[in-house]
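Please open the model in your viewer and follow the stops below in order, moving from the whole chain to a single side chain.

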Amino acid sequence: MTELLVGTRKGLFVLDGEPGTGFEITARRFEGEPVDYAMRDPRSGRVFAAVSSPFYGPRIWYSDDLCGKWQPARGVALPKAATRR
């Protein structure tokens, strides 16, 4: 079974199938939002999607379950108490 993550202007489509035969849409997320890029991390199985919302701007989302809940990735955090030298 081959999984394809397809980012479009109308959301993220997940297709499953075998090369040379038809593929079937098994999941859809971010309906109506442009998805510029999507990938599955082969080490953890986690899926990442780069979504460009015209209202909220660009954001990276992740999920451990394509059909489950997606979380926005947090940006780089600076230490709360920085010490000066």
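**The whole chain**

Begin with a surface over everything: the protein, here a predicted model, exposes about 6700 Å², of which carbon and sulfur atoms supply 55%. Buried residues make up 22% of the 85 residues. Switching to the C-alpha trace, you will find that it spans about 65 × 30 × 20 Å along its principal axes, and that the radius of gyration is 16 Å, where a compact globule of 85 residues would have one near 12 Å. Colour next by secondary structure, which comes to 0 helices and 7 strands.

**The open sheet**

Select residues 2-8 and 23-29, which are β1 and β3, the edge strands, each pairing on one side only, and add residues 11-17 for strand β2. These 3 strands form an open sheet in the order β1-β2-β3, with antiparallel pairing, and neighbouring strands are turned by 25° against each other on average, direction ignored. Between β1 and β2, the antiparallel pairing extends over 7 bridges.

**L12**

Now select L12, which lies in strand β2, and look for G7, which stands opposite L12. Is L12 buried or exposed? Its relative accessibility is 1%, so L12 counts as buried, the cut-off for that class being under 20%. To see what is in contact with L12, leaving aside neighbours within four places in sequence, display L5, V6, G7, A27, R28, R29, F30, V35, A38, A49 and W70. Finally, draw a distance between the C-alpha atoms of L12 and I25, which are 13 residues apart along the chain and separated by 10 Å.

Terms used. Residues numbered from 1 in each chain as written. Predicted model: local features only at pLDDT ≥ 70, side-chain atom pairs only at ≥ 80, totals over all residues. Heavy atoms only, no water. Helix = DSSP H or I, 4+ residues; strand = E, 2+ residues; numbered from the N terminus. Buried < 20%, exposed > 50% of the residue type's maximum accessible area, 1.4 Å probe, protein only. Contact = heavy atoms within 4.5 Å. Pairing = 2+ DSSP bridges. Axes fitted to C-alpha atoms, helices over the stretch in contact; angles between N-to-C directions. Rg over C-alpha atoms; globule rule 2.2 N^0.38 Å. Areas by Shrake-Rupley, 256 points an atom, 1.4 Å probe, with all protein chains shown as cover.
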